[in-house]
Amino acid sequence: MPRVEDYWALKALACLRGTSIAVQAHGFILEGLKNAFDPAEIERQMEAEKQRLLRAAAELRAEEPTVEHPAEAVSVE
């Protein structure tokens with residue numbers, strides 16, 4: 001969600017460059033889209049998400065009590 005500080009920073013940048021706030025915002029949006037579709041950035045984000053999920057899985061496994069498989073607990077004679 002945009003903050004008031006973001007608006008004032010964008011307005012100040014637009015004044016320094018002699019453009020409108022809309023032109024500055026458009027430039028930032030285009031740059032963000034370019035970065036979002038950059039293959040290296042996609043790989044970086046995928047790796048970060050993979051590591052997050054692996055940590056979460058490890059934490060869940062560490063919290064789980066060890067339960068034998070029901071078939072292993074039954075003695076068949």
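Trainee: Let's start with Gln 24: does this residue count as buried or exposed, and at what relative accessibility?

Mentor: Keep in mind that this is a predicted model. Gln 24 sits in helix α2. Buried means under 20% relative accessible area, so Gln 24 counts as buried, at 7%.

Trainee: Which residues is Gln 24 in contact with, leaving aside its neighbours within four places in sequence?

Mentor: One of them is Ala 14, ten residues away in sequence but 6.1 Å away in space, C-alpha to C-alpha. The full set for Gln 24 is Leu 10, Leu 13, Ala 14, Arg 17 and Thr 19.

Trainee: And Ala 14, is that buried or exposed?

Mentor: Ala 14 belongs to helix α1. Not counting residues up to four places away in sequence, Ala 14 touches Thr 19, Ser 20, Ile 21 and Gln 24. The relative accessibility of Ala 14 is 2%, so the verdict is buried.

Trainee: How are α1 and α2 oriented to each other?

Mentor: α1 covers residues 4–17 and α2 residues 21–36, and their axes lie 8 Å apart. The packing angle is about 105°. Angles of 65 to 115 degrees fall in one class, so the two helices are roughly perpendicular.

Trainee: Which class has seven residues in the contact of α1 with α2: nonpolar, polar or charged?

Mentor: On the α1 side the contact is made by Tyr 7, Leu 10, Lys 11, Leu 13, Ala 14 and Arg 17, and on the α2 side by Ile 21, Gln 24, Ala 25 and Phe 28. Sorted by class, two are charged, one is polar and seven are nonpolar.

Trainee: What span should α1 have, going by 1.5 Å a residue?

Mentor: α1 has 14 residues, and the expected span uses one less than that number. The end C-alpha atoms of α1 are 20 Å apart, which agrees with the expected span of 20 Å.

Trainee: Which residue just after α1 takes a positive phi?

Mentor: Look right past the end of α1, where phi is about 70°. The residue is Gly 18.

Trainee: How is the pair of Tyr 7 and Trp 8 rings arranged?

Mentor: The count of aromatic pairs comes to one. Its rings, from Tyr 7 and Trp 8, have centres 5.1 Å apart and planes at 75°, and since over 60 degrees is the cut-off, the pair is edge-to-face.

Trainee: How does Tyr 7 count by relative accessibility?

Mentor: Tyr 7 is also one of the α1 residues in the contact with α2. Its relative accessibility is 39%, so Tyr 7 counts as partly exposed.

Trainee: Zooming out, how many helices does the protein chain have?

Mentor: From the N terminus on, the elements run α-α-α-α. There are zero strands, and the helices come to four.

Definitions and conventions
Residues are numbered from 1 along each chain as its sequence is written. This is a predicted model: local features need pLDDT of at least 70, side-chain atom pairs count only at pLDDT 80 or more; totals for chains, interfaces and linings use all residues. Side-chain values use heavy atoms; hydrogens and water are left out. Axes are lines fitted to C-alpha atoms, for helices over the stretch in contact, and angles run from 0 to 180 degrees between N-to-C directions. Angles under 35 degrees count as roughly parallel, over 145 as roughly antiparallel, 65 to 115 as roughly perpendicular and the rest as oblique. Contact means heavy atoms within 4.5 Å. Ala, Val, Leu, Ile, Met, Phe, Trp, Tyr, Cys and Pro count as nonpolar, Asp, Glu, Lys and Arg as charged, and the others, Gly among them, as polar. Rings of Phe, Tyr and Trp (its six-membered ring) pair if their centres lie within 6.5 Å; planes under 30 degrees apart count as stacked, over 60 as edge-to-face and the rest as tilted. Buried means under 20% relative accessible area, exposed over 50%, partly exposed in between (1.4 Å probe, protein chains only).
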